[in-house]
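Q: Could you take a close look at the part of this model that surrounds the RNA strand? I would also like to follow the backbone there and see where it does something out of the ordinary.

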Amino acid sequence: MNIFEVVKSDDKTKSRLGLLRTPHGEIRTPVFMPVGTHGTIKTLSVEDVIALGAEIILNNAYHMYLRPGPDILDKAGGLHDFISWKGPLLTDSGGYQIFSLANFRKITEEGARFRSHIDGGEVFLTPEKMVSFQASTAGADISMCLDECLEYPTTKNHAAASMELTARWARRSKDAFEESRRPSAADGTRQLLFGIAQGGMYTDIRGESAAALVDIGFDGYAVGGLSVGEPREVMLPALEASLEKLPASSPRYFMGLGTPEDIWEAVERGVDMFDCVLPTRNARNAQAFTFSGKLNITNERFRSDFGPLDENCRCAACRRYSRAFISHLFRSGEFLAGRLLSLHNIFFMIKLMAVIRDAVFRGAYADEKKRFFERYLG
RNA sequence: GGGCAGGUGGCGGAGUGGUUAAUCGCACCAGACUGUAAAUCUGGCGUCCUUACGGACUGCGAAGGUUCGAAUCCUUCCCUGCCCA
């Protein structure tokens with residue numbers, strides 16, 4: 001059976017509708033995957049996440065490897081059982097932590113040596129260890145290769161050398177995956193492994209990276225190392241250079257994106273999967289996404305605004321609570337504030353993807369994108 | 001009535017002759033956040049003019065005084081808290 005099926009492609013853009021099959025269920029793409037780094041979408045319960053309609057969520061292998069650690073996860077019977085999420089689950093390998101925890105690590109050919117950000121103890125991550133942890137111990141539906149996520153800006157030499165290391169790690173990741181993955185399910189679904197394209201902002205290196213991954217052969221391909229602080233005019237060409245070398249028959253995942261604007265741009269170029277901490281992090285920092293634009297809910301003008309966060313929104317927060325009350329909750333330091341905005345923002349992202357899928361379905365992508373931007377930025 | 005302590009920007013609270021438009025915290029105003037070491041971080045916050053740079057004015061209970069210079073020293077007054085009658 002095909003693990004990924006392109007259901008429909010847009011005529012005028014590269015956007016497409018897809019169906020991705022995993023041992024824990026199917027995913028309609030383009031999809032947004034909420035991020036649950038430590039095994040939880042911050043402030044939300046699994047019941048919340050189900051009610052929001054999330055089809056797949058993320059966990060982070062680096063963080064779960066450090067705590068609770070492989071032993072506990074093994075005894076729990078894997079991540080699904082441990083965190084009580086029965087749907088599709090994707091784990092990130094720890095490549096992003098090579099970027100975000102740069103002060104704590106040193107990279108060698110063999111792997112990445114970290115000083116644990118928790119207790120300072122030494123941790124050594126290798127592609128083999130992280131992929132085996134994800135596929136075997138954690139039982140992730142989708143595992144990610146260990147990669148080196150580069151900071152921006154970087155020199156071309158550094159980007160090239162780093163990309164080559166990532167490609168060698170991808171080769172090792174795949175071998176480790178074949179050895180450690182669980183048997184295929186009766187329905188023909190099986191665990192999947194995605195490669196991650198790198199290359200900094202250099203389009204030629206981006207292309208080489210994607211081509212190298214395709215040579216190895218993966219179930220899906222991710223574009224990593226983008227949306228790390230570069231301007232959009234730099235990001236989009238780099239994205240295009242990566243996508244150009246990837247097969248249309250495979251799912252494509254833009255790691256770490258993003259803003260609603262960025263997601264429209266990426267889907268238009270053929271991306272199927274997204275994840276981002278923005279909806280939950282910004283929620284905790286008092287920012288709501290709405291179809292009329294983002295708003296900082298602690299702004300003075302919302303103190304006596306008794307309407308919902310977003311008109312016509314049917315999320316749990318909007319059905320019951322006013323902007324004024326949520327603003328009050330933030331000013332009072334109440335945890336419910338960040339929770340309500342998290343519910344709303346995740347709902348917004350999932351709704352946004354539904355709008356996007358509908359636009360592709362109707363062959364009206366360009367028009368719907370224009371309509372969205374006019375309202376969102378207006 | 002007597003004694004002691006004290007009155008500083010929205011609030012709390014530093015500062016006891018010049019680098020003080022005034023540390024700092026809170027509150028308030030605004031911004032940022034993109035595979036989460038983040039429910040965090042940045043700015044702003046006397047008044048007026050200026051996009052900004054910058055400039056003008058007012059200012060540490062009130063009034064007067066000493067001094068080149070005062071929130072800081074002196075005098076008088078007003079007010080607050082505690083203690084004694």
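A: Let's begin with the elements that build the surface near RNA strand B in this predicted model. Five elements each supply at least two residues of that surface: the strands β5 (57–60) and β14 (273–276), and the helices α5 (95–100), α11 (278–284) and α14 (335–361). In total, 46 residues surround RNA strand B. The closest are Cys149, Gly256, Gly258, Val277 and Arg284. What kinds of residue make up this surface? They divide into 21 polar, 15 nonpolar and 10 charged.

Now pick out Gly258, one of the closest residues to RNA strand B, and follow its backbone. Gly258 sits in the loop between β13 (252–254) and α10 (260–268). The peptide bond that joins Leu257 and Gly258 is cis, with an omega of about -10°. That deserves a second glance, because most peptide bonds are trans. There is another cis bond to find, and it runs from Thr29 to Pro30, with omega near 0°. Pro30 has its place in the loop between β3 (25–29) and β4 (31–34).

Next, go back to α11, one of the elements that supply the surface near RNA strand B. In the loop between α11 and β15 (287–290) you will meet Ala286. Ala286 is not a glycine, and still its phi is positive, at about 75°. This catches the eye because most residues other than glycine have a negative phi. Is Ala286 buried or exposed? It has 20 other C-beta atoms within 10 Å, and a residue is buried if it has 20 or more, so Ala286 counts as buried.

You can set Thr43 beside it. Thr43 lies in the loop between β4 and α1 (46–52), and its phi, near 80°, is also positive in a residue other than glycine. Here 19 C-beta neighbours fall inside 10 Å, so Thr43 counts as partly exposed.

One last stop is helix α6, which covers residues 127–138. How many of its 12 residues are buried? The count is 10, so by the rule of 20 or more neighbours the helix is mostly covered. Among the buried residues of α6 are Met130, Val131, Phe133 and Ala135, and also Ser132, Gln134 and Thr137. Just after α6 comes Gly139, whose phi is positive, at about 70°.

Definitions and conventions:
Residues numbered from 1 in each chain as written. Chains lettered and ligands numbered in written order. Predicted model: local features only at pLDDT ≥ 70, side-chain atom pairs only at ≥ 80, totals over all residues. Near = placed C-beta within 6 Å. Helix = DSSP H or I, 4+ residues; strand = E, 2+ residues; numbered from the N terminus. Nonpolar A, V, L, I, M, F, W, Y, C, P; charged D, E, K, R; others polar.
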